[in-house]
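Me: Please take a close look at the main nonpolar core of this protein. I should like a connected account of what builds it and what surrounds it.

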Amino acid sequence: GQKELAAETDRLRRALRQPTGRGRWGEMQLKRVAELAGMLDHCDFHEQLSMTNEEGAQSRPDMVIHLPGGKSLAVDAKAVMDAYMEAMDAQSEEQRQLQLARHARQVRDHINKLSARNYWNSLDHSPEFVVMFIPGEAFFSAALQADPALLEYGTDKRVILAGPTTLLALLK
């Protein structure tokens, strides 16, 4: 049983080191949180909804939440984990801190990318922000510990950071 568990854990770690595996995992977590909040697919939210803004540019957030009053909110799942996983595997505290700082920079980079997409311009009656869903509380809190200014930075860029618990509360 221990050998099977170790082998399965190793397969999961390898899958999460691949960008497509991480992305799909993040999207699945996002959908689970929406469903846990009592929302239904194709009714309360749509996944991978293609949108066109005023300039004709295409975009596709991971999820569009349909809010009361005909409003919509874009949510993008970002499984930012490379540096975090390296930090957990670090052999020294110094290496761990360096990787956690890199993890926070990766989150900041994703904030910049999401902000530039201007999803709110492609949605009718959208609040002028996007939610950046980080699919694990550990990833979310590690980034905030390494860079406490991330929440404020995201807000200034119209990107609201949310882990599973925060997103669940927001959707409720």
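Reply: The account below begins with the core and then turns to the sheet, an aromatic pair and a buried aspartate.

The model is predicted. Its largest nonpolar core comprises 28 residues. Those with the most contacts inside this core are Val107, Ile111, Val130, Met132, Ile134, Leu150 and Leu161. Two or more residues each come from helix 3 (82–89), helix 4 (93–117), strand 6 (130–133), helix 5 (137–146) and strand 7 (159–162). In soluble globular proteins, nonpolar side chains tend to be buried together.

Methionine 132 offers a view from within this core. When neighbours within four places in sequence are set aside, methionine 132 is in contact with Val107, His110, Ile111 and Leu114, and also with Val159, Ile160, Leu161 and Ala162. Its remaining contacts under that condition are Asp76, Lys78 and Val80. Another core, of 16 residues, lies apart from the largest one; Val33, Met39, Ala77 and Ala162 are among its members.

Strands 6 and 7 also belong to an open sheet of five strands, ordered 1-4-5-6-7 with mixed pairing. Strand 1 (45–47) and strand 7 occupy the edges, each with a single partner strand, so one side of each has no neighbour in the sheet. From one strand to the next, the twist averages 25 degrees. Elsewhere in the sheet, strand 4 (residues 63–67) and strand 5 (residues 71–77) pair in the antiparallel sense over five bridges. Within this pairing, valine 64 has alanine 74 of strand 5 as its bridge partner.

Helices 3 and 5 are linked by the one aromatic pair that the structure holds. Tyrosine 84 lies in helix 3 and phenylalanine 139 in helix 5, 55 residues apart. Their ring centres are 4.9 Å apart and their planes stand at 90 degrees, so the pair is edge-to-face. Both tyrosine 84 and phenylalanine 139 are buried.

The loop between helix 5 and helix 6 (150–156) contains aspartate 147. Aspartate 147 counts as buried because its relative accessible area is 16%, and the cut-off for buried is under 20%. Neighbours within four places in sequence aside, aspartate 147 is in contact with Ala104 and Arg108. Arginine 108 has a further partner: its charged end sits over the ring of tyrosine 153, 4.1 Å from the ring centre.

Note on methods: Residues numbered from 1 in each chain as written. Predicted model: local features only at pLDDT ≥ 70, side-chain atom pairs only at ≥ 80, totals over all residues. Heavy atoms only, no water. Core = buried A, V, L, I, M, F, W, Y, C linked by side-chain atoms within 4.5 Å. Buried < 20%, exposed > 50% of the residue type's maximum accessible area, 1.4 Å probe, protein only. Helix = DSSP H or I, 4+ residues; strand = E, 2+ residues; numbered from the N terminus. Contact = heavy atoms within 4.5 Å. Pairing = 2+ DSSP bridges. Axes fitted to C-alpha atoms, helices over the stretch in contact; angles between N-to-C directions. Phe/Tyr/Trp six-rings, centres within 6.5 Å; stacked < 30°, edge-to-face > 60°. Lys NZ or Arg CZ within 6 Å of the ring centre and 35° of its normal.
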